[in-house]
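Here are some friendly notes to read with the structure open beside you. Take them one at a time, and find each residue on screen as you go.

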Amino acid sequence: MLRIYHAPGTRSVRPIWAACELGLQFEIAPVDFSAAYRDTPEWRAISPAGKLPALTDGELTLFESGAMVDYILDRYGEGRLRPPAGTAARALCQQWCWFSEATLLRPLGLAALLRDPPEAVVAAALAKAREAIGVVDSALAGRAYMLGDAFTAADIMMGYSLAFLDHLKLLDGDAHRNGVAYLARLKTREAFQRALNA
Ligand SMILES: N[C@@H](CCC(=O)N[C@@H](CS)C(=O)NCC(=O)O)C(=O)O
């Protein structure tokens with residue numbers, strides 16, 4: 001049975017959302033998100049870097065939320081939520097999946113590692129985050145979803161990132177009109193609501 005280790009507000013929203021979109025039966029295992037618990041041998045045996053989320057399915061144990069979304073779709077998706085492998089559309093889907101994590105969230109993630117970050121570090125991280133949000137906002141011009149009319153895995157990855165940045169008040173209704181409308185559109189999806197409220 002697919003089990004997703006979860007703490008509210010964390011990236012475990014992504015694999016839960018993917019599983020809900022597919023209508024899968026799965027188990028949510030609540031995790032104490034404290035640094036103390038995440039440093040225990042019990043948790044490090046599941047997630048060696050001490051982070052969330054994690055996923056198990058039979059003998060398989062996974063960390064990295066993007067890999068979990070990929071696995072869920074490969075194993076259970078039956079072709080849903082992603083263009084076929086080897087197509088240009090699939091490459092673009094993967095591009096936005098990676099961008100959502102590796103480029104969009106990275107600057108703030110690095111700044112958050114410091115307990116008392118210098119102002120210059122915070123300013124640089126915010127500038128890079130805003131620049132990346134601008135890239136997403138421009139890409140969304142005239143589109144309902146990252147790839148156009150079809151909702152895909154890229155929207156699951158990006159939707160969590162934008163919801164997180166919105167929570168940090170970094171989405172600007174004037175500067176990021178497309179991104180704000182897109183996030184509102186994603187939030188009408190029952191599967192996203194279920195993941196956000198899990
Ligand atoms: N790239 C990883 C990032 C994992 C990550 O940073 N998770 C956060 C919660 S959303 C965490 O555990 N932070 C605690 C820490 O880094 O110590 C993924 O997508 O799974």
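Which helix gives the most to the lining of the largest pocket? Keep that in mind through the first points.

1. Before anything else, please remember that this is a predicted model. Every value below was computed from that model.

2. Start with the largest pocket, which holds about 910 Å³ of space. Its lining is made of 28 residues, and the closest to the pocket's centre are Arg11, Lys51, Leu52, Glu101 and Gly109. Try finding these five before you look at the rest of the wall.

3. Now for the opening question: α6 gives the most to this lining, with five residues. On the sequence, α6 covers 106-112. Helices α2 (35-38) and α8 (153-167) also supply at least two residues each.

4. What kinds of residue make up the wall of the largest pocket? There are 14 nonpolar, six polar and eight charged residues in the lining. Both domains take part: domain 1 (3-76) and domain 2 (88-189) each provide at least three of the lining residues.

5. The second largest pocket has about 220 Å³ of space. Its lining includes Arg14, Glu64, Ser65, Asp70, Trp98, Glu101 and Met157. By class, the lining has five nonpolar, three polar and four charged residues.

6. Where does the lining of the second largest pocket come from? Helices α4 (65-76) and α5 (88-103) each supply at least two residues, and α5 has the largest share, with five. Here too, domain 1 and domain 2 each contribute at least three residues.

7. Next, please look at the ligand. The residues around the ligand are Thr10, Arg11, Arg14, Phe33, Arg38, Lys51, Leu52, Pro53, Glu64, Ser65 and Glu101. You have already met some of these names: Arg11, Lys51, Leu52 and Glu101 are among the residues closest to the centre of the largest pocket, while Arg14, Glu64, Ser65 and Glu101 are among those lining the second largest pocket.

8. Which atoms of the protein pair up with the ligand? In the side chain of Ser65, an N or O atom is 2.7 Å from a ligand oxygen. The side chain of Arg38 also has an N or O atom 3.0 Å from an oxygen of the ligand. Leu52 uses its backbone instead, with an N or O atom 2.8 Å from a ligand nitrogen. Taken alone, the ligand exposes 500 Å², and the protein buries 78% of that.

9. Finally, check the backbone. Most residues other than glycine have a negative phi, and most peptide bonds are trans. The bond from Leu52 to Pro53 is cis, with omega near 0°. Pro53 sits in the loop between α3 (41-46) and β3 (54-57), and both Leu52 and Pro53 are among the residues around the ligand.

10. Two residues deserve a look for their phi angles. Glu64 is not a glycine, yet its phi is positive, about 85°. You will find Glu64 in the loop between β4 (60-63) and α4. Leu81 is not a glycine either and has a positive phi of about 70°; its place is in the loop between α4 and α5. Of the residues around the ligand, Glu64 is one.

Notes
Residues are numbered from 1 along each chain as its sequence is written. This is a predicted model: local features need pLDDT of at least 70, side-chain atom pairs count only at pLDDT 80 or more; totals for chains, interfaces and linings use all residues. Side-chain values use heavy atoms; hydrogens and water are left out. On a 1 Å grid over the protein atoms alone, a cavity is a set of points where a 1.4 Å probe fits but cannot get out, and a pocket is an open set with protein on both sides within 12 Å along at least five of seven lines; lining residues have an atom within 4 Å of a point. Grid points are joined across faces, edges and corners, and a volume is the space filled by probe spheres set on the points. Helices (H or I, at least four residues) and strands (E, at least two) are DSSP runs, numbered from the N terminus. Ala, Val, Leu, Ile, Met, Phe, Trp, Tyr, Cys and Pro count as nonpolar, Asp, Glu, Lys and Arg as charged, and the others, Gly among them, as polar. Domain bounds come from an automatic or database domain assignment. A residue is near a molecule or strand if one of its heavy atoms lies within 4 Å of it. A polar contact is a pair of N or O atoms within 3.5 Å; within protein, one must be able to donate a hydrogen and the other to accept it, and residues adjacent in sequence count only if both atoms are side-chain atoms. Accessible areas come from the Shrake-Rupley method with a 1.4 Å probe; for residues, only the protein chains shown count as cover.
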